[in-house]
Amino acid sequence: MPIIQFKNVSKSFENGKDIALKDASFEIAEGEFCCIIGPSGGGKSTILKIIAGLEKETSGNVTKPENISMVFQSGALLPWLDVEKNAELGLAARHPAPGGHQTPDRGAIVRPFIDMVGLKGSERKFPRDLSGGERQRVGIARALAVNPTVLLLDEPFSALDPKTTEELHQDLIRIWQETKKTIVMVSHLIEEAVSLADRILLIKNYTIEKEFKINLPRPRRENEAAFAHEVLQVRREFFK
Ligand code: ADP
């Protein structure tokens with residue numbers, strides 16, 4: 001059984017004038033790491049927003065679980081809160097302390113996730129004292145702390161330098177393997193998608209035009225011939 005299913009899903013704005021998605025159909029299996037790639041303005045973020053419940057499809061059928069968490073591009077941290085409090089934000093939004101009752105120990109819940117993303121010892125630091133990569137790590141810890149069924153990432157590494165991106169790729173794969181979450185990630189980089197995903201959905205003309213199953217063993221190395229071959233297959237369709 002797929003955990004996410006889109007059947008002929010379309011999304012338009014302003015009474016059909018602006019199209020974001022047209023007749024898109026795909027399925028994502030539980031535990032899968034799926035990347036959505038495609039040109040800018042193609043409808044990638046719209047798919048994530050529909051899965052997250054931030055947008056509603058105009059027509060078609062969407063099946064998705066309730067407990068979904070999103071990681072935004074720059075971590076989306078509040079500058080006046082420290083790492084631990086920023087990581088607690090998702091929990092606070094879902095389980096606000098009832099009036100007059102003691103606040104639940106959210107710190108105890110988030111600390112293992114701060115540890116998991118490699119920020120143990122940085123709990124009391126503020127965003128201004130963190131690098132771009134560390135901020136994104138806090139965003140991932142926050143998303144994981146609510147124990148989501150599906151983790152959504154919208155171009156999470158696009159503002160980072162190549163070395164930091166590579167480190168975060170490795171950590172994301174480790175976290176995915178440890179937590180067994182379903183991950184849906186938007187990227188505009190073919191190499192990134194081939195390096196991370198079990199399956200790549202290529203979006204073009206506002207719909208899913210092609211799917212690629214990436215059977216390469218992990219860890220994947222960009223300098224290997226099999227990797228270059230997969231990138232070439234995807235690139236051919238991307239620029240067709
Ligand atoms: P991508 O993530 O692939 O860059 P998006 O899903 O953000 O693409 O957008 C797909 C298309 O839908 C774009 O052409 C965009 O201009 C349009 N779109 C997205 N949101 C809105 C909106 N709120 N109003 C009108 N058009 C929108």
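**Two cysteines, a ligand shell and a helix**

Cysteine 35 counts as buried, at 0% relative accessibility. This value, like the others here, comes from a predicted model. Its sequence neighbour, cysteine 34, is buried as well, with a relative accessible area of 0%.

Are these two cysteines joined, and if not, why? A search of the whole structure finds zero disulfides. The closest cysteine sulfur to that of cysteine 34 belongs to cysteine 35, and the gap is 7.0 Å, so the two are too far apart for a bond. Cysteine 35 is likewise in no disulfide, since its nearest cysteine sulfur, that of cysteine 34, is 7.0 Å away. For a disulfide, the two sulfur atoms would have to be within 2.5 Å.

Now turn to the ligand. Which residues lie around it? Phe13, Asp18, Ile19 and Ala20 are among them. So is a run from Pro39 through Ser40, Gly41, Gly42, Gly43, Lys44 and Ser45 to Thr46. By type, the shell divides into four nonpolar, six polar and two charged residues. Two elements, β2 (18-29) and α1 (44-52), each supply at least two residues of this shell.

Look next at the backbone around the ligand. A backbone N or O atom of isoleucine 19 lies 3.4 Å from a ligand oxygen. For glycine 42, a polar backbone atom is 3.0 Å from an oxygen of the ligand. For serine 45, the distance from a backbone N or O atom to a ligand oxygen is 2.8 Å. How much of the ligand is covered? Taken alone, the ligand exposes 570 Å², and the protein buries 64% of that.

Move on to helix α2, residues 83-94. At its start, a side-chain oxygen of aspartate 82 comes within 3.3 Å of the backbone nitrogen of glutamate 84. Several residues of α2 are buried: Val83, Glu84, Asn86, Ala87, Glu88, Gly90 and Leu91. Note the spacing in that list. An α-helix has 3.6 residues a turn, so residues three or four places apart point the same way. The buried residues of α2 pack against two other helices, α3 (106-116) and α4 (132-145).

End at threonine 182. This residue sits in strand β7 (residues 182-186). Is threonine 182 buried or exposed? It counts as buried because its relative accessibility is 1%. A polar atom of the threonine 182 side chain lies 2.8 Å from the backbone nitrogen of glycine 31. Leaving out residues up to four places away in sequence, threonine 182 touches Ile3, the stretch Ile28, Ala29, Glu30, Gly31 and Glu32, and also Thr149, Val150 and Leu151.

Methods. Residues numbered from 1 in each chain as written. Predicted model: local features only at pLDDT ≥ 70, side-chain atom pairs only at ≥ 80, totals over all residues. Heavy atoms only, no water. Near = heavy atom within 4 Å. Polar contact = N/O pair within 3.5 Å; in protein donor to acceptor, adjacent residues only side chain to side chain. Areas by Shrake-Rupley, 256 points an atom, 1.4 Å probe, with all protein chains shown as cover. Helix = DSSP H or I, 4+ residues; strand = E, 2+ residues; numbered from the N terminus. Nonpolar A, V, L, I, M, F, W, Y, C, P; charged D, E, K, R; others polar. Buried < 20%, exposed > 50% of the residue type's maximum accessible area, 1.4 Å probe, protein only. Contact = heavy atoms within 4.5 Å.
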